[in-house]
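Reader: I should like to discuss the structure shown below, beginning with the surroundings of the nucleic acid and ending with a pair of helices.

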Amino acid sequence: MNIFDIYLDKIKKLVTALNKEKEIEIPESLNGINVDIPPPKFDCDISTNVAMVLAKINKKSPIDLAKQLSGLIKKDDKNIHSINVAKPGFINIKFKGSFWNNFLKEVIDNQKDFGINKKQKKHKYLVEFVSANPTGPLHVGHCRGAIIGDVISNILIFNKHDVVKEYYVNDHGNQIINFTKSVYLRIREILNNEKFPTNDADLYPGDYLIDIAKNIISENKTLKFENFDKISKELTKLSIKESLKMIKLNLNSLGINHDNFASETEIVNNNEVKLVIDELKKDKFVYKGKINAPKGEDKTEWIEREQLLFRSTDFGDDKDRALQKSDNSWTYFASDVAYHNNKLKRKFDILINILGADHAGYIKRICSAVEALSGQKNKLICKVSQLVKLIKEGKPFKMSKRKGDYITVQDLINEVGKDATRFIMLNRSGDAELDFDFTKVKEKSRDNPLYYVQYCYARISSVFRHINKNVSDKIIITNYNFNYSSDEIKLIKKISQWPKCVEVSSNKLEPHRVPIYLYELAADFHSYWNMGKDNKDKRFINKDNKVSNDKIVLLKAISNVVKSGMNIIGVNSPEKM
RNA sequence: GCGCUUGUAGCUCAAUUGGAUAGAGCGCCUGACUUCGGAUCAGGAGGUUGAGGGUUCAAAUCCUUCCGGGCGCACCA
């Protein structure tokens, strides 16, 4: 039950009807009208800007129009206690206690559905995220995008959409060859005591390669490691398998499970690249041409040559993009176009990609390709997860792949824990950089907002324990006619904002709104809880060691919302801490 | 040089998808522990939302010009 939607509908219907009776003028679109949460200082529950939106077209002052409309809104509405007009032209509505009672009944009776955005059409989504190169374990840099992608999926799933979570495995190209070579040299190091060359910049120096090498040796006793060229194909497969094993373990410890791992090699081997480029050629999106060197860059190494290009400038990109390398093999972009064509063939309504900030420059070209292939704008939505600035002991910590010197996901989970990591990474908007102070989070983990929200749930659980019940037990109340105090109504109002939070998070694909909302809800709860110190009437457990039904309903409703919010974020809500 | 992105309190960040007097946490100051769980709460100080211009009844939010961060810029993925 989304009370904002209910009243938005009602107001839109009202003005449309008034328009039919020639009482007022309305614009073509009513989209500007909204019903919102008023700032706390106003003594009202919801507010609408309808009068300000319609004032101009009606040549009336917003205040006058608001007065006229507010009378009509209140008429025949049993739920409204009072309605008044505020300064620029807002109409502010305050509900009766009976309205909030009915609201709580709805929440309790449909606890699993509360918050779900029902007016949205159900879609089939494909969310691609992480897709880190299979050349080693995940490090902290991958973490944020991974969590954002997972929680975006959770929000969509919560809203009953079909979602496939996919990881694109870049198991093709030069990096993989270098990676395989590195594994090979580590194997030689182990078997033949040949020292691993540490001065070759193309090789992967990390210690984890030793583990990969050991595993491959012990699991492939019959394999001979005498000639790289002879076994490179087999070894590539084995190496990728090993590093994917690591990556899956890392993802698992973050609480992330992809539904599907798509392989680049498979797409290339199936000839999908050639097919999709032929298709684009037919529509004249692909041509042979030259691209100019970027201005301001060092041009000494620039070799101008004719190559196969995709006309991404037709879609707003700043240059056309190369599909073939100088050796005539496909570029990464070419096989990614094929991969996205593969996604399109699987008939998803909307494709979502979560990219790291360093790949933001890539968005236009891949969106262009998807638009060219599907004929639809906005078929592919790319969300960027900004950089995580690591700070260790007060100083920025630079990770370097060369030295193999980086904090892995596993380090992070071991020291901070899955739940805290997820909560902190989400507690900021995805397109703002985030400071992650490794030392601070470790030392002061109790100051973490995660615990603040969990503590709210634990306190509620403890009340239920006192009366020998469990928070998650179903409660049956026949008569909802309680008298809630203004402090309690403040809490109920916050509960009523949950569906709005879900709606905005899902429309904008902004998962950070969920933990921020939960923090605010928890704050209101803790504040109310502490009132019980001065005023025993406000305690949940009364003198007879019982909890009255009105309080049970309130606690139950709060715990429902916390629980479903925490489920979306993918963290636990323990009953005891 | 171009493109994307970002600039809000001393610090880290929110801001209901353009709304009302811009809010939290940390830090600082004052208070609440014989506690329904103090991992909590009440209060105080702290702001020209980087700067200018524009659109709007209404701008931190949209447009524009500067300034400052970050990321990226064929033949890597």
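Author: A residue is near a strand if one of its heavy atoms lies within 4 Å of it. The model under discussion is predicted.

Reader: Of the residues around RNA strand B, which come nearest?

Author: There are 76 residues around RNA strand B. Sugar and phosphate make up 57% of the strand's atoms that come within 4 Å of the protein. The residues that come nearest to RNA strand B are Lys41, Tyr452, Tyr455, Trp529 and Arg539.

Reader: Which atom of RNA strand B lies 3.0 Å from a polar side-chain atom of lysine 533?

Author: Phosphate oxygens of RNA strand B lie 3.5 Å from a polar side-chain atom of asparagine 174 and 2.5 Å from a backbone N or O atom of serine 429. For lysine 533, the partner of the polar side-chain atom is a base nitrogen.

Reader: How many charged residues does the surface near RNA strand B have?

Author: Elements that each supply at least two residues of this surface include α6 (174-192), α16 (449-466) and α19 (513-534). By class, the surface has 29 nonpolar and 21 polar residues, and the number of charged residues is 26.

Reader: Are α17 and α19 roughly parallel or antiparallel to each other?

Author: Helix α17 (residues 486-496) packs with α19 at an angle of about 165 degrees, their axes being 10 Å apart. Their crossing is left-handed. Angles over 145 degrees count as roughly antiparallel. The relation of α17 to α19 is therefore roughly antiparallel.

Methods. Residues are numbered from 1 along each chain as its sequence is written. Chains are lettered from A and ligands numbered from 1 in the order in which they are written. This is a predicted model: local features need pLDDT of at least 70, side-chain atom pairs count only at pLDDT 80 or more; totals for chains, interfaces and linings use all residues. Side-chain values use heavy atoms; hydrogens and water are left out. A polar contact is a pair of N or O atoms within 3.5 Å; within protein, one must be able to donate a hydrogen and the other to accept it, and residues adjacent in sequence count only if both atoms are side-chain atoms. Helices (H or I, at least four residues) and strands (E, at least two) are DSSP runs, numbered from the N terminus. Ala, Val, Leu, Ile, Met, Phe, Trp, Tyr, Cys and Pro count as nonpolar, Asp, Glu, Lys and Arg as charged, and the others, Gly among them, as polar. Axes are lines fitted to C-alpha atoms, for helices over the stretch in contact, and angles run from 0 to 180 degrees between N-to-C directions. Angles under 35 degrees count as roughly parallel, over 145 as roughly antiparallel, 65 to 115 as roughly perpendicular and the rest as oblique. A crossing is left-handed if the near helix is turned anticlockwise from the far one by less than a right angle, and right-handed if clockwise.
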